[in-house]
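Work through these exercises with the model open beside you. Try each task before reading its solution.

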Amino acid sequence: MPSTLLIRGGTVVNADRAERADVLCREGRIVAVGLDLGVQAGAEVLDAEGLYVMPGGIDPHTHMQLPFMGTVTMDDFYSGTAAGLAGGTTTIIDFVIPDPQEPLMDAYRKWRGWAEKSASDYSFHVAVTWWDDSVHRDMATLVREEGVNSFKHFMAYKNAIMCDDETLVRSFRRALELGAMPTVHAENGELVFLLQQEMKALGVTGPEGHPLSRPPAVEAEAAQRAIAIADVLGVPIYIVHVSCAEAADAIARARARGQRVFGEVLAGHLTVDDSAYRNPDFATAAGHVMSPPFREKSHQEALWRGLQAGHLHTTATDHCTFCAAQKAAGKDDFTRIPNGCGGVEERMMVIWDAGVNSGRLTPSEFVAIASANAAKLFNIYPRKGCITAGADADLVLWDPTATRTLSVKTQKSLGDFNVFEGRTVTGVPTATISQGKVVYLHGDLRAERGAGRYVQRPAFSTHFDAMARWSKLHAPVAVTR
Ligand code: URQ
Ligand code: ZN
Ligand code: ZN
C-alpha cells in the first residue's frame, strides 16, 4: 500500500475557510496543502475534482459494545467504527462507564481491551458513577497517565449509574483541579423514576410511555442544575445530547453571562420527531427509545438555531444499537426497553442535507460542528479536525450533488433498525481516508480490524488554572444587610 497519497483538484474546507487546494499525505500525516502540488512517483492519487475535501468527522458520543440494561449493544468497536468510516467519521470518543463501586482504572482497562479491534481512531470519556477516595485518585491517574481529559456524569438512570449532587460537586471540582472537562447527561433521574411509576400505575406500559416519563422540563432542570454547579465551582461544563429548546435556552443564557458552557446535539434530535412513539408497531416505536427521547418537532428549530448561533457546538450520534429482540425485553414494560439508537454512519449526511442544503450552515460551519469543534473542546485540535500540514491524514471527500437513501438494508451497522429509514439525502461521502489510507471508496468499505489507535487527549491544566484563579477573584460577594 503506497504511503503517499495525493488528493487532487478538490475544494479544501476547514472550519475557518474553504479554498481550492491539493492535499499531500505521507506516512499517515498531512504534509502539504496547496495548489498544483504535483504527483510524486509511487503516490496514490485521488481525483477530488468537483468535491469538497473535509477533515474526517469526529463523533464525540458513541457507545460501542456497551453493556447496558441487561444486554450489550449490537455494534462492537470494529463494526461501529467501520460504519463510521463509511459515513465519513474517522474518530469516535466513546465512554468508559464503570459500575458503581467498580474501580475506574479497572473499567478503563476493560474498555481499552474491547477497543483494540477498532477500525478507526478512538478515545474515551470516563464516567464517574460513584465516589470515594479511589475515584478522586483514579481521575488523576487517568488525566496524567492515560490522556483522558473529560469525565461524564449521568444525572439520569436512578438505581444504576446516576450521580447524586454530592458526586457531581466532588467530581466537577476534581475535574477543575486536573484540567479536565466535566460532561453530563442532563435528565433529572428522580423525576424520570417517579413519572415512570406513574405511567405504569395508569396502565401505560408501551413505548409511548417513554417520552411521557421524560418531558423537556426534566432535561431542563438537570441542565440548569449542572450549569449552576459548574458556575459556582468555576469549571467549564459540556452538556451531551441537548434535545429540547428549554435546555438549549439554559445554555444560551449561561453563555450570555460569560459562563463556559458547551452543548452537543445529536443528528437524530435535529431531524427525527416523537411521532414514532405512537406507532402501533412495537419494533418501530421501541426502535426510537433513547434518552433524552425524540421530541415534538418544534424543538428541532431551537437546536438548529443553537448551532447557527454558536450556543451549541458539536454534533454526535450517541450510537448505541440494540436489535428488535433486545428491545422486546420491554414489550410489556417500556422502562425495560434498552435505551439507544444508531447513527454513526448517517450523522454527517443527515446534518449536511438538513443543515447545509437548507442554507442554515455553510460548508465551513458544517466542518466546525461535525469535526473541528469536538477536536477543540477535547483538546486534539489541530491534530484532528483540521486539514493542515502536520495533522493526521483523516479526511473525507464529499460529493455535494450525489444522493443516497438511508436504510437498514444498506447500513454497515450490525443493528436491525435505522431511525433515518427511507430518508434520501443529497451530499454524501465518496471516499474516507484514515491515517492516510483510503478505507472507503464509492461504497467499497475497506475497514481494517485493529487499525484504529487510542488517542490521548491532554489536560487543559494551564487554561483551567487561570480560570480557577479568575473564579476565586470573582467569587460571589457576601451581601451584608
Ligand atoms: O444515555 C446514554 O447516553 C447511553 C446510555 C445511550 N442510551 C441512550 O438512550 N442515550
Ligand atoms: Zn446519555
Ligand atoms: Zn450516550
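**Exercise 1. Find the polar side-chain atom of D318 and state how far it lies from a nitrogen atom of ligand 1.**

Solution.
- Step 1. Keep in mind that the model is predicted.
- Step 2. Take the pair formed by a nitrogen of ligand 1 and a polar atom in the D318 side chain: the distance is 2.6 Å.
- Step 3. Now ask how much of ligand 1 is covered. On its own, ligand 1 exposes 280 Å², and the protein buries 100% of that.

**Exercise 2. Describe the surroundings of ligand 1: which residues are closest, and which classes make up the shell?**

Solution.
- Step 1. Count the neighbours. Ligand 1 is surrounded by 13 residues.
- Step 2. Pick out the closest ones: Y157, H185, S291, D318 and N339.
- Step 3. Sort the shell by class. It holds 5 nonpolar, 7 polar and 1 charged residues.
- Step 4. Look at H185. An N or O atom of its side chain is 3.1 Å from an oxygen atom of ligand 1.
- Step 5. Look at S291. Here a polar backbone atom is 2.7 Å from an oxygen atom of ligand 1.
- Step 6. Place the ligand. The largest cavity is where ligand 1 sits.

**Exercise 3. Locate the cis peptide bonds at P292 and P382, and name the loop that holds each proline.**

Solution.
- Step 1. Start at S291. Its peptide bond to P292 is cis, and omega is near -10 degrees.
- Step 2. Place P292. The loop between α10 (282-287) and α11 (298-309) contains it.
- Step 3. Go on to Y381. A cis peptide bond links Y381 to P382, with omega about 0 degrees.
- Step 4. Place P382. This proline is in the loop between α14 (363-377) and β16 (395-405).

**Exercise 4. M69 has a positive phi, and so has Y157. Is M69 buried, partly exposed or exposed? And Y157, buried or exposed?**

Solution.
- Step 1. Read the angles. Phi is near 50 degrees for M69, a residue other than glycine. For Y157, also not a glycine, phi is about 70 degrees.
- Step 2. Place M69 in the loop between β7 (67-68) and β8 (71-72).
- Step 3. Place Y157 in the loop between β11 (150-154) and α4 (165-178).
- Step 4. Apply the cut-offs. Buried means under 20%, and exposed means over 50%.
- Step 5. M69 has a relative accessibility of 35%, so it counts as partly exposed.
- Step 6. Y157 has a relative accessibility of 17%, so it counts as buried.

**Exercise 5. Examine T129 and E27. Where does each lie, and what does each side chain contact?**

Solution.
- Step 1. Find T129 in the loop between β10 (121-127) and α3 (133-146).
- Step 2. Check its cover. T129 has a relative accessible area of 5%, so it is buried.
- Step 3. Find its partner. A polar side-chain atom of T129 is 2.8 Å from the backbone oxygen of P98.
- Step 4. Turn to E27, in the loop between β2 (18-26) and β3 (29-34).
- Step 5. Check its cover. E27 has a relative accessibility of 61%, so it counts as exposed.
- Step 6. Find its partner. The side chains of E27 and S3 make a polar contact of 2.9 Å.
- Step 7. Compare positions in space. E27 and F154 are 127 residues apart along the chain, and their C-alpha atoms are separated by 40 Å.

Definitions and conventions
Residues numbered from 1 in each chain as written. Chains lettered and ligands numbered in written order. Predicted model: local features only at pLDDT ≥ 70, side-chain atom pairs only at ≥ 80, totals over all residues. Heavy atoms only, no water. Near = heavy atom within 4 Å. Polar contact = N/O pair within 3.5 Å; in protein donor to acceptor, adjacent residues only side chain to side chain. Areas by Shrake-Rupley, 256 points an atom, 1.4 Å probe, with all protein chains shown as cover. 1 Å grid on protein atoms, 1.4 Å probe; cavity = no way out; pocket = protein on both sides within 12 Å on 5 of 7 lines; lining within 4 Å. Sits in = over half its atoms within 2 Å of the grid points. Nonpolar A, V, L, I, M, F, W, Y, C, P; charged D, E, K, R; others polar. Helix = DSSP H or I, 4+ residues; strand = E, 2+ residues; numbered from the N terminus. Buried < 20%, exposed > 50% of the residue type's maximum accessible area, 1.4 Å probe, protein only.
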